[in-house]
Amino acid sequence: MENSDENQSPREDSPEELPSLIRAITAHEVAGFDSPKDHDDTKVQLQSTGFHPLSASIFGIEAAEAEDQTGLSKSQRTHSVSFSMPPSPIEAHIQNTKRVLFRDTETILGSSLPNSAASYTNFGAQTKQARFYSQPMPKGSVLNQATTSGKSANLPLRNPRIEKLRDNRYDSFKTWSGKLERQISNLRGKRQEPEQGSQAKQPAQMESVPVDRYFDALEGPELDTLRASEEILLPDDKQWPFLLRFPISSFGICLGVSSQAIMWKTLASSESTKFLHVSPDVNLVLWLISIALVVIVAAVYALKVIFYFEAVRREYYHPIRVNFFFAPWIALLFLALGVPPSFSKTLHASLWYILMTPIFFLELKIYGQWMSGGQRRLSKVANPSNHLSIVGNFVGALLGASMGLKEGPVFFFAVGLAHYTVLFVTLYQRLPTNETLPKELHPVFFLFVAAPSVASMAWARIQGSFDYGSRIAYFIALFLYFSLAVRVNFFRGFRFSLAWWAYTFPMTGAAIATIRYSSVVTNLVTKILTVVLCLVATLTVTALLVTTIIHAFILRDLFPNDIGIAISDRKPKTTRRWYHRRSGSSESNVENYLKYSNSNGKDIEASVCPPSYNNQELSASSAK
Amino acid sequence: MEIQTSPPEHHPPPPINQTVVSKFVPKRTKNLVPLILTRIHAGYFRITLSLGWQALLWKILLQPIQDSKIAIRAPELFYSTILTIIWSFSLVILIVLSLLYSLKCIFRFSMIKAEFMHHVGVNYLFAPWISWLLILESAPFVTPKHVSFVILWWIFAIPVIILDVKIYGQWFTKGKRFLTAVANPASQLSVVGNLVGARAAAKMEWREVSVFLFSLGMVHYLVLFVTLYQRLSGGDRLPAMLRPVFFLFFAAPSVASLAWYSISGSFDTPSKMLFFLSLFLFASLICRPALFRKAMRRFNIAWWAYSYPITLLALASARYEEEVKGGVSHAIKLLLSGLSVLVLLALLLLTAFNPKLLLPDNDPILLTTALPPPPHSSNSNSTTAPLC
């Protein structure tokens with residue numbers, strides 16, 4: 001704490017509760033300001049914006065102050081969360097001791113406060129570049145607190161600074177930790193700045209998060225709810241930037257709508273449903289809507305890939321979200337399947353190869369992970385969303401067969417069938433080592449219906465007729481559908497999420513398969529079945545549409561903070577002793593206990609933990 | 001160098017292994033035959049498997065397109081010379097190896113029993129019979145309908161069936177040796193054994209027997225495929241040095257495809273599907289070189305496990321190319337055949353120049369005799385032998 005002794009420019013309007021803090025900030029800030037490198041940087045930066053050099057440091061201080069206040073005025077947790085992110089470029093500059101402090105939440109409680117404050121200032125001084133060009137976000141609460149702190153004189157000018165200081169917390173999730181944004185802003189005409197050494201950093205600080213972390217930190221059928229003992233890297237009290245909140249499961253909307261387009265097309269064109277007199281225009285309208293949706297969602301997600309690549313990586317490592325990476329390609333396949341006949345009768349074969357290539361490579365990666373064991377083996381990560389990885393094969397086979405190709409569809413059908421068998425057995429087993437299966441019914445279970453129904457249609461196309469193989473697959477799909485439908489009253493009490501759209505396309509797929517079946521076996525039963533299933537599918541999609549609109553415009557929480565990708569890389573130290581493992585994996589119990597038990601008897605969160613495990617730990621650790 | 005912890009023993013290992021090995025280490029040069037008898041195990045039949053499949057591949061590649069049955073023909077002198085050379089070389093190696101192994105059966109039967117107990121080694125007990133069946137099939141002068149063929153087939157197929165009954169029965173009945181505990185990629189060799197027998201029987205036009213063996217193999221392949229993909233116990237069922245046996249993942253569907261081809265008479269959709277599956281698994285394994293890195297540090301007999309799956313895939317692709325003519329299938333066939341020849345040549349050269357490495361004193365199959373602990377119960381101790 002070398003800086004706390006210097007007391008150069010006491011600020012009259014500093015809040016009373018943090019005198020030493022402010023001194024520390026001021027002193028360090030001045031020191032930082034005096035060093036030539038920073039000086040140049042700040043000067044250059046300020047010249048580009050026309051600010052006075054001196055006031056910049058003031059802004060930095062005040063911004064840090066405000067940051068500090070807001071941080072400290074909230075719970076400790078927020079405070080620590082702000083600075084526990086490993087890969088910030090800022091931290092490379094800070095001495096190692098200080099960086100270590102950031103990781104341990106409880107050490108910030110104690111005497112390290114000035115340290116962290118000093119680090120705040122380092123934060124402030126050396127990362128001006130990082131902050132300067134990041135996206136300004138409305139931070140109402142921050143501004144209010146800055147206002148109340150009494151620095152009203154320069155408040156309007158200060159706002160961009162405060163906002164940009166805030167944005168640093170998202171830097172770890174940005175592509176190259178924000179460098180890309182700076183590059184883009186540079187390209188847009190701002191003055192070039194010399195590259196700082198601090199930006200060289202980063203390293204593999206954001207290396208792949210092991211899948212165990214996801215299981216440890218999250219719970220819920222979609223693994224998106226944070227466990228009580230965990231913390232996240234990003235502030236959970238603020239609304240994150242929109243791109244950060246945009247999950248890949250948004251592609252589920254495209255799946256849902258485009259499969260509806262296919263259904264209406266089949267309804268209009270199939271002989272067994274001629275009695276319904278469905279107009280082909282419904283298909284046209286739905287298809288155009290789904291094209292628009294795909295374009296929009298893809299564009300937004302592409303922006304996320306460009307600007308927040310780190311977040312995309314974390315989604316890829318999420319055991320449930322990884323399956324949604326197939327969703328864009330399946331949506332494109334659906335679009336090709338649902339092309340209105342008025343547009344084109346047949347599509348070119350090369351389109352099929354283009355569409356299947358990304359699926360092929362994704363499959364190689366994901367199935368290989370299952371096969372080679374390791375932390376992402378199937379017995380551990382199997383969950384109903386894995387069906388999304390399998391269904392792509394069957395959809396591709398269906399499309400290829402409708403285009404008239406022979407070998408390619410059979411290839412993907414074979415691969416899909418083999419892996420579907422494995423997945424089906426694994427999910428039915430509900431292995432105790434399986435972490436991700438929801439204990440209660442959840443709409444994700446409807447994905448079970450997807451693969452057999454699409455497989456039956458694909459096989460019918462490949463063989464040329466709806467033969468026994470197709471019928472077997474179709475009946476399996478039907479059985480699964482009914483066994484879920486009669487349990488519909490158990491689908492209660494779940495938080496709506498965008499991923500629910502992805503669970504509607506199996507219903508639509510079953511409806512389409514029924515239409516195909518009824519054209520082969522035409523009698524009253526099949527016709528009624530067709531009508532019923534199509535109605536159910538349409539009603540579900542409509543209800544989902546209404547819910548989505550309600551959430552989007554009225555409740556405004558369609559895109560909540562995406563907790564699932566913001567888990568920390570390591571367990572918080574205070575809570576490691578209370579780390580509650582799943583029952584049945586005794587080896588991890590032992591392992592955990594040996595690794596993480598500390599002799600610190602004090603624990604803040606002693607009250608919230610399951611008693612049985614705690615007593616054992618408590619007695620064991622108190623005996624030390 | 002990898003260091004793996006020794007397994008927690010459920011029963012003390014038969015001491016004979018350790019003492020025999022340690023006894024012979026210093027007297028290596030003087031007691032070659034006893035040394036070989038000690039060190040050799042059924043895994044060495046990988047060599048004969050590779051050679052046998054290679055001979056079969058050449059036989060099929062070089063014969064003109066005819067009906068699917070192997071028949072006596074009068075090939076051109078060049079072709080028959082090549083075939084005869086390859087085939088006789090394989091036969092010689094197989095005879096030598098079989099003699100050595102039968103000597104081991106006589107003199108060191110307890111080691112054979114230990115091999116049978118080992119969860120990886122037991123599957124290689126199929127290997128000699130498969131090799132003999134292959135030699136039989138790829139012989140350039142034998143017709144399948146000849147009496148001698150039939151007799152020899154029965155001689156080689158009966159042990160396969162006996163082993164089937166024993167091993168498959170254990171999978172679902174026996175206490176400690178149930179499938180989830182013992183399943184490992186080498187278990188697919190038992191499936192290969194059944195399917196090779198089925199194929200040979202189909203060539204003999206023994207329809208029912210071949211379908212019997214085929215269904216036996218396929219059912220257990222299904223179970224095994226699912227179990228292996230689940231990887232319930234993670235990656236420690238197989239020592240890192242034995243990673244090349246992962247190639248068996250795509251060997252089994254290839255030979256299934258060939259067997260179905262022989263049974264049904266043409267390369268129809270099920271055969272195609274099995275062939276495509278094995279192609280996909282091959283691509284998937286090729287893209288993961290990190291999986292094999294540890295095994296590639298030093299040459300050992302397990303490297304021979306690379307060769308015959310590729311040859312099998314090349315065989316299947318040759319049959320596929322007969323059915324679906326086209327540039328792509330032709331290219332695949334040429335590529336795979338070329339690759340299999342290259343790999344075999346490389347392995348032959350490596351073996352010729354490093355004969356000592358073929359008889360290591362720390363072979364995982366020989367040293368580990370305890371059954372690996374079943375999953376869920378113990379810590380993450382690896383079940384592999386110490387390797388230095």
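User: What is the mean pLDDT of chain B, and how many of its residues, in percent, reach 70 or more?

Analyst: This is a predicted model, and confidence is a good place to begin. The mean pLDDT of chain B is 78, and 78% of its residues reach 70 or more. Among the elements of chain B, the lowest mean, 49, belongs to helix α1 (residues 15-24), and the highest, 93, to helix α11 (residues 248-264). Over residues 65-74 of chain B the pLDDT is below 50, and that stretch has 17 contacts beyond near neighbours in sequence. Residues 374-388 of chain B also stay under 50, with 50 contacts beyond four places in sequence.

User: And in chain A, where is confidence lowest and where is it highest?

Analyst: Helix α7 (residues 113-126) of chain A is lowest, at a mean of 41, while helix α22 (residues 450-463) is highest, at 94. Chain A as a whole averages 69, with 55% of the residues scoring at least 70. Two stretches of chain A stay under 50: residues 191-206, with 43 contacts beyond four places in sequence, and residues 575-621, with 56 such contacts.

User: Why does a low pLDDT matter for reading the coordinates?

Analyst: Where pLDDT is low, the predicted coordinates should not be read in detail. For the model overall, the scores are ipTM 0.77 and pTM 0.70.

User: What does each chain contain in the way of helices and strands?

Analyst: Chain A has 27 helices and 2 strands. Chain B has 15 helices and 0 strands.

User: How do you know that the length of helix α25 of chain A agrees with its number of residues?

Analyst: Set the expected span against the model. Helix α25 runs over residues 524-554 of chain A, and at 1.5 Å a residue its 31 residues should span 45 Å. The end C-alpha atoms are 44 Å apart, so the two values agree.

User: What is found at the two ends of α25(A)?

Analyst: At the start, a side-chain oxygen of Asn523(A) comes to within 3.1 Å of the backbone nitrogen of Val525(A). That pair can be called a polar contact because the cut-off for N or O atoms is 3.5 Å. After the helix comes Arg556(A), with a positive phi, near 60°.

User: Which elements do the buried residues of α25(A) pack against?

Analyst: They pack against α14 (251-269), α23 (468-485) and α24 (505-520) of chain A. Among the buried residues of α25(A) are Leu529(A), Leu533(A), Cys534(A), Val541(A), Leu544(A) and His551(A).

User: Why is His551(A) called buried?

Analyst: His551(A) has a relative accessibility of 15%. Buried means under 20%, so His551(A) qualifies. This residue sits in helix α25 of chain A. Leaving aside residues up to four places away in sequence, His551(A) touches Phe496(A), Arg556(A), Asp557(A) and Leu558(A). One of these, Arg556(A), is the residue with the positive phi that follows the helix.

User: Why is Ile158(B) called partly exposed?

Analyst: The relative accessible area of Ile158(B) is 37%. The partly exposed class lies between 20% and 50%, so Ile158(B) falls in that class. Ile158(B) lies in helix α7 (residues 147-173) of chain B. Its C-alpha atom is separated by 9.7 Å from that of Gly197(B), 39 residues apart along the chain.

User: What does Trp153(B) touch?

Analyst: Beyond residues up to four places away in sequence, Trp153(B) touches Leu133(B), Leu136(B), Gly197(B), Ala200(B), Ala201(B), Met204(B), Val209(B) and Leu213(B). Trp153(B) is also among the residues with the most contacts inside the largest nonpolar core, which has 248 residues. Others in that group include Leu255(A), Phe413(A), Trp53(B) and Tyr124(B).

User: What makes α3(B) a mostly covered helix?

Analyst: The count does: 16 of the 18 residues of α3(B) are buried. The length of α3(B), residues 45-62, also agrees with expectation, because the expected span is 26 Å and its end C-alpha atoms are 26 Å apart.

User: How many of the residues in each chain, in percent, are buried?

Analyst: In chain A, 58% of the 624 residues count as buried. In chain B, buried residues make up 59% of the 388 residues. The accessible surface of chain A comes to about 25000 Å², with 63% belonging to carbon and sulfur atoms. For chain B the surface is about 15300 Å², with 72% belonging to those atoms.

Methods: Residues numbered from 1 in each chain as written. Chains lettered and ligands numbered in written order. Predicted model: local features only at pLDDT ≥ 70, side-chain atom pairs only at ≥ 80, totals over all residues. Heavy atoms only, no water. Helix = DSSP H or I, 4+ residues; strand = E, 2+ residues; numbered from the N terminus. Expected span 1.5 Å × (residues − 1). Buried < 20%, exposed > 50% of the residue type's maximum accessible area, 1.4 Å probe, protein only. Contact = heavy atoms within 4.5 Å. Polar contact = N/O pair within 3.5 Å; in protein donor to acceptor, adjacent residues only side chain to side chain. Core = buried A, V, L, I, M, F, W, Y, C linked by side-chain atoms within 4.5 Å. Areas by Shrake-Rupley, 256 points an atom, 1.4 Å probe, with all protein chains shown as cover. pLDDT = per-residue confidence, 0-100.
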